[in-house]
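Please take some time with the sequence and the model shown here before reading on. The paragraphs after it are meant for someone meeting this structure for the first time.

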Amino acid sequence: MSIATMGKDKAEAQAATKGRAVRKYTADISAVGEPWLWALGGALAIGIILIAGFLFMIFWNGVATFWPQPIHVVTLANGQMVAGEPTRESTYRVGPELLASLSPEARAEVEGNGGYADRVLYRTGNYDLYNEDFRWVSRFDVASVEAPSGFYLFERQEWGRFVGKIAGLTLDEDRKDISSLSYDEIRRHQAEARKRWDAIRYIEKSEIGRVNHYIEQERLKLRKAELRYGVDSPLYASAAAEAEPRIAELQREFAALADRAATLKAEDARYRIMLEEIGGRTKETNLSQIVRLYPANDVSGPQKIGIYLSRWGEFLGSEPREANTEGGVLPAIFGTVVMTLIMVVIVAPFGVITALYLREYATQGKLVAAVRIAVNNLAGVPSIVYGVFGVGFFAYTMGASIDQLFYPERLPSPTFGTGGILWAALTLALLTVPVVIVASEEALAAVPRSMREGSLACGASKWQTIRYVVLPRALPGVMTGLILAMARGAGEVAPLMLIGVVKLAPELPIDAFAPFIHLERSFMHLGFHIFDVGFQSRNSEAGKPMVFVTTLLLLFLIVAMNSSAIYIRNRLKRKFAVGQF
Amino acid sequence: MNAVLARKKDQAPQFEPTAYHIVETPEGAALDIQKFNLWYGEAQALFDIDMKIQKGAVTALIGPSGCGKSTLLRCLNRMNDLVDDLTITGKIMVGGEDIYRTGIDVIALRKRMGMVFQKPNPFAMSIYDNVVYPLRVDGVTNRKVLDETCERALKGSALWDEAKDRLKESALGLSGGQQQRLCIARAIASDPEVLLMDEPCSALDPIATAKIEELIDELKGHYTIVIVTHNMQQAARVSQNTAFMYLGRLIEYGNTETIFQNPKQKRTSDYVTGRFG
């Protein structure tokens with residue numbers, strides 16, 4: 001009798017004695033898969049926590065950046081005073097030299113902490129006076145901390161922030177008594193000064209810019225005539241004679257505008273403000289140079305909300321200043337959206353047509369398989385390589401040829417022969433086209449055979465079948481590919497740095513001068529803006545909050561563009577939902 | 001090796017030549033299939049089919065699964081062109097012309113042959129657009145012609161009363177039976193000579209099936225209908241002629257009554273009486 005049957009007999013005997021057998025479920029735990037289930041769930045949970053934490057960090061830092069902080073005045077142990085916004089705290093190990101120089105009480109305190117001390121980072125501003133924007137203050141150095149009233153935070157057009165008091169206000173050469181002026185009145189004067197500044201800027205940028213544009217056009221026209229007919233030809237002479245009065249007229253216009261700007265500037269210079277920092281040093285500047293000011297410790301809740309919103313408004317709606325660490329990102333938003341849209345317009349037909357040919361027309365053989373593998377591998381090429389290709393092929397080869405053919409009068413300064421929004425969009429289109437091809441191919445393959453057969457049986461040609469039956473049905477899948485391409489393209493920075501993205505673009509790619517859309521222009525991009533502000537600016541600590549806000553904005557833009565594409569896709573999908581039976 | 005081959009040879013079914021009962025073709029044959037062979041790659045699916053299909057009548061193709069009846073049907077409008085690696089010998093004559101002759105206009109041929117599939121396959125368009133699709137791809141844009149065709153085709157497929165008020169709605173909102181009748185309307189919209197039906201009722205419930213069968217009865221005479229069916233009662237009910245196929249061969253072909261009541265071959269009688277298949 002074998003062991004197995006012995007066991008069986010025993011079990012039967014037991015069952016007989018107990019009356020009823022309770023069958024025990026004794027499968028091996030790894031066979032049941034419980035540990036694997038836990039591992040899978042755990043992996044998912046870790047992934048979700050990472051993503052949620054990342055989003056929360058971006059969101060919280062981004063949202064909190066613009067909230068007005070109080071100004072603390074710190075009196076140090078040696079009697080020196082520091083005023084600034086507390087930014088963050090940290091604990092650090094006190095070095096031996098510093099420790100030796102401390103007073104006995106402070107040394108005892110640090111040693112009691114195991115050699116560690118707390119410190120606070122104050123945003124002191126006043127870069128023009130201190131040569132730094134931030135200052136660490138160790139806790140043991142602090143004699144007292146107060147938040148006295150009367151301290152203002154000034155955001156200036158140049159030199160960044162100023163923390164201090166108003167020492168004097170000169171309005172129209174009339175020295176005012178500061179103590180008699182309320183915050184609201186000061187703000188009103190500042191707003192008026194700001195309006196003057198805007199007017200000056202409008203003349204300098206828009207109106208003089210327009211005149212300059214037309215003068216440049218005249219010059220180019222003349223140069224064109226020169227290139228075509230030669231300097232000595234009568235045709236060039238007549239063109240020059242024609243252009244002369246027009247240029248003269250434009251130059252008169254230019255002079256008038258410059259005059260007007262000078263008058264306004266002279267008026268602006270009569271409104272001055274004297275700022276005084278905590279140490280008593282003063283700085284006088286035009287009132288119009290103050291972008292925003294508020295008494296940080298005296299503002300009420302609603303006023304804080306007002307300041308918060310006005311900072312967001314400035315961020316979203318104006319141009320950057322102070323090497324991009326202050327001001328707005330409107331040109332970057334504009335550049336990102338326009339470039340992504342141009343990219344989609346290029347990549348959609350290109351990808352779909354390629355997929356159609358590969359899937360519907362090409363004979364499925366070794367060659368097509370090789371092409372398919374190549375396309376898939378293309379998606380894995382580092383994006384900087386695309387950038388190099390883009391600048392070498394699009395800008396320096398294609399662009400230079402276009403310049404030779406169509407814009408010879410502008411040479412040697414390149415038009416299309418350098419990085420620009422069109423070349424950047426083309427480069428990104430190249431980068432994302434594999435995604436679109438793969439997704440479109442899959443969408444086309446998923447169209448039921450019965451649909452094609454139904455159409456063919458009706459006497460439709462292959463092209464008609466694709467056009468009326470297959471493509472509409474595959475469109476949601478194609479859209480998915482486009483959404484993925486868009487998300488990838490909008491977030492890509494590395495290739496753009498080589499092919500058209502600049503730190504500060506002088507002009508937007510779309511403006512009021514014919515032909516209105518200037519695809520050859522360089523542009524700003526939020527992704528590059530983040531890199532630039534965070535790592536390339538003179539003061540990366542000052543840029544840090546802007547990095548978070550800009551990241552938040554970039555994420556928001558990508559989400560917004562993707563959601564609209566997903567909305568369109570779902571509407572298309574609903575059309576094909578079968579309500580059968 | 002030899003033993004295996006020998007056994008295979010032993011087991012290979014022996015076929016007698018096709019038994020033909022006289023099929024009356026007073027108006028001539030709509031389709032004339034001559035010595036037709038077909039291979040999918042190396043595998044032969046049809047063997048020497050010889051068959052004349054009577055004009056204006058309903059011809060049913062019956063036989064167990066995999067016997068080649070659908071393959072044969074799909075050859076009649078060259079739907080099998082979609083299959084890769086297909087080899088064909090023999091002829092299928094339509095109106096005195098071999099449809100497998102090189103240089104024939106396949107699209108024109110398909111316009112003369114409406115086809116209805118096993119599963120209803122309306123396009124994701126409105127009912128109206130579905131019905132007039134064959135005309136649209138033909139380049140017809142005249143609204144009046146399209147409207148008239150739509151009404152005629154929908155009346156022809158007995159769907160007009162149910163669909164006339166919702167022509168602009170999506171065809172996917174119709175029930176399965178309605179969808180299949182819509183597909184029939186689409187197939188007859190271009191007024192073809194022949195209507196090919198590939199198990200048109202297999203995805204439908206009995207009521208919808210009865211309607212389609214009624215419809216087939218009404219359409220016969222006007223169209224030559226070839227119908228593939230698994231359902232022998234259906235073949236008996238709707239067809240005038242029946243062809244019984246088995247393993248790619250045409251076993252017996254004749255009047256439906258004869259095939260069902262007085263078949264010459266044992267295989268046919270076994271199948272129609274339900275002893276195998």
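What follows is a walk through a sheet, a tyrosine, some salt bridges and the cysteines.

It should be kept in mind throughout that this is a predicted model.

A good place to begin is the sheet of chain A, an open one whose five strands follow the order β4-β3-β2-β1-β5 with antiparallel pairing. At its edges stand β4 (134-138) and β5 (142-146) of chain A, and because each of these has a single partner strand, one side of each is left without a neighbour in the sheet. From one strand to the next, the twist averages 40 degrees. Looking at one edge in detail, strand β3 (residues 116-123) of chain A is joined to β4(A) by five bridges, the two strands running antiparallel, and in this region Arg123(A) stands opposite Phe134(A) of β4(A).

From the sheet we can turn to a single residue, Tyr308(A), which belongs to helix α9 (residues 301-317) of chain A. Is Tyr308(A) buried or exposed? With a relative accessibility of 14%, Tyr308(A) counts as buried, since the limit for that word is under 20%. If neighbours within four places in sequence are left aside, Tyr308(A) is in contact with Val63(A), Phe66(A), Trp67(A) and Pro68(A). To one of these residues there is also a polar approach, for the side chain of Tyr308(A) reaches the backbone oxygen of Val63(A) at 2.7 Å. Thr26(A), by contrast, is 282 residues away from Tyr308(A) along the chain, and the C-alpha atoms of these two residues are separated by 64 Å.

The charged side chains come next, and over all chains the number of salt bridges comes to 42. One of them is formed by the side chains of Arg196(A) and Asp268(A), with an N to O distance of 3.9 Å. This pair links distant parts of the chain, as Arg196(A) lies in helix α7 (residues 183-229) of chain A and Asp268(A) in helix α8 (residues 234-268) of chain A, 72 residues apart. Both partners are under cover: Arg196(A) is buried at a relative accessible area of 12%, and Asp268(A) is buried at 4%.

Another salt bridge is made by the side chains of Glu218(A) and Arg246(A), at 2.7 Å from N to O. Since Glu218(A) lies in helix α7 of chain A and Arg246(A) in helix α8 of chain A, this pair ties together parts that are 28 residues apart in sequence. Here Glu218(A) is buried, with a relative accessible area of 8%, whereas Arg246(A) is partly exposed, with 35%. A further salt bridge joins Glu492(A) to Arg488(A), whose closest N and O atoms are 3.4 Å apart; Glu492(A) is buried at 11% relative accessible area, while Arg488(A) counts as partly exposed at 28%. Salt bridges can also share partners, and in this way Glu155(A), Arg292(A), Arg311(A) and Glu314(A) are joined into one network.

How many disulfides does the structure hold over all chains? The count is zero, and two cysteines of chain B help to illustrate it. The cysteine sulfur closest to that of Cys75(B) belongs to Cys67(B) and is 13 Å away, which is too far for a bond, given that a disulfide needs two sulfur atoms within 2.5 Å. Cys150(B) is likewise in no disulfide, the nearest cysteine sulfur being that of Cys458(A), 13 Å away. Both of these chain B residues count as buried, Cys75(B) at 0% relative accessibility and Cys150(B) at 1%.

Technical notes
Residues are numbered from 1 along each chain as its sequence is written. Chains are lettered from A and ligands numbered from 1 in the order in which they are written. This is a predicted model: local features need pLDDT of at least 70, side-chain atom pairs count only at pLDDT 80 or more; totals for chains, interfaces and linings use all residues. Side-chain values use heavy atoms; hydrogens and water are left out. A salt bridge is a side-chain nitrogen of Lys or Arg within 4 Å of a carboxyl oxygen of Asp or Glu. Helices (H or I, at least four residues) and strands (E, at least two) are DSSP runs, numbered from the N terminus. Buried means under 20% relative accessible area, exposed over 50%, partly exposed in between (1.4 Å probe, protein chains only). Two strands pair if DSSP finds at least two bridges between them. Axes are lines fitted to C-alpha atoms, for helices over the stretch in contact, and angles run from 0 to 180 degrees between N-to-C directions. Contact means heavy atoms within 4.5 Å. A polar contact is a pair of N or O atoms within 3.5 Å; within protein, one must be able to donate a hydrogen and the other to accept it, and residues adjacent in sequence count only if both atoms are side-chain atoms.
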